[in-house]
Amino acid sequence: MKAIFVAYNQAYNQEIVELLAGFGQRGYTVWEQVGGRGTVDGEPHLGNHAWPTQNHALFTALEDALVPKVMDALRATDAANKDLGLRAYVLPVEDAL
């Protein structure tokens, strides 16, 4: 089992949830109003007067075989809208309840 942590522009929220549902992935946790700044060339998303946009973050645990498919779909989503910003990280899950 693996986990995917996704940080993304708030504009993606419904799209990311629907992307997971399209793969039959039901469970996830979302954090809203998450501040951040891209590692390469992204503008800050801080929810303040100077930088009004914000990010959301999502965490989901899924079977290993599904990870490459979800990551490919996330890469395609990011490539289609580079200015919005999306980062995803795959993490090992050693135990779960």
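## Aspartate 72 and its partner

Let's start with a charged residue: aspartate 72 has 48% relative accessibility, so it counts as partly exposed (between the limits for buried, under 20% relative accessible area, and exposed, over 50%, with a 1.4 Å probe and protein chains only). This is a predicted model, where local features need pLDDT of at least 70, side-chain atom pairs count only at pLDDT 80 or more, and totals for chains, interfaces and linings use all residues. Residues are numbered from 1 along each chain as its sequence is written, and side-chain values use heavy atoms, leaving out hydrogens and water.

The side chain of aspartate 72 joins that of arginine 75 in a salt bridge, at 3.6 Å from N to O (a Lys or Arg side-chain nitrogen within 4 Å of an Asp or Glu carboxyl oxygen). About one helical turn separates the two, because they lie 3 residues apart in helix H2 (helices are DSSP runs of H or I with at least four residues, strands are E runs of at least two, and numbering goes from the N terminus).

## The other salt bridge

The structure holds 2 salt bridges. Lysine 82 also pairs with aspartate 78, with 3.2 Å between the closest N and O atoms. Here lysine 82 is exposed at 58% relative accessibility, whereas aspartate 78 is buried at 9%.

## The nonpolar core

Turning inward, the largest nonpolar core has 17 residues, and Ile4, Tyr8 and Leu86 are among those with the most contacts inside it (such a core is a set of buried Ala, Val, Leu, Ile, Met, Phe, Trp, Tyr and Cys residues joined through side-chain atoms within 4.5 Å). Strands E1 (2-9) and E3 (55-62) and helices H1 (13-22) and H2 (67-80) each give two or more residues to this core. H2 supplies the largest share, 5 residues.
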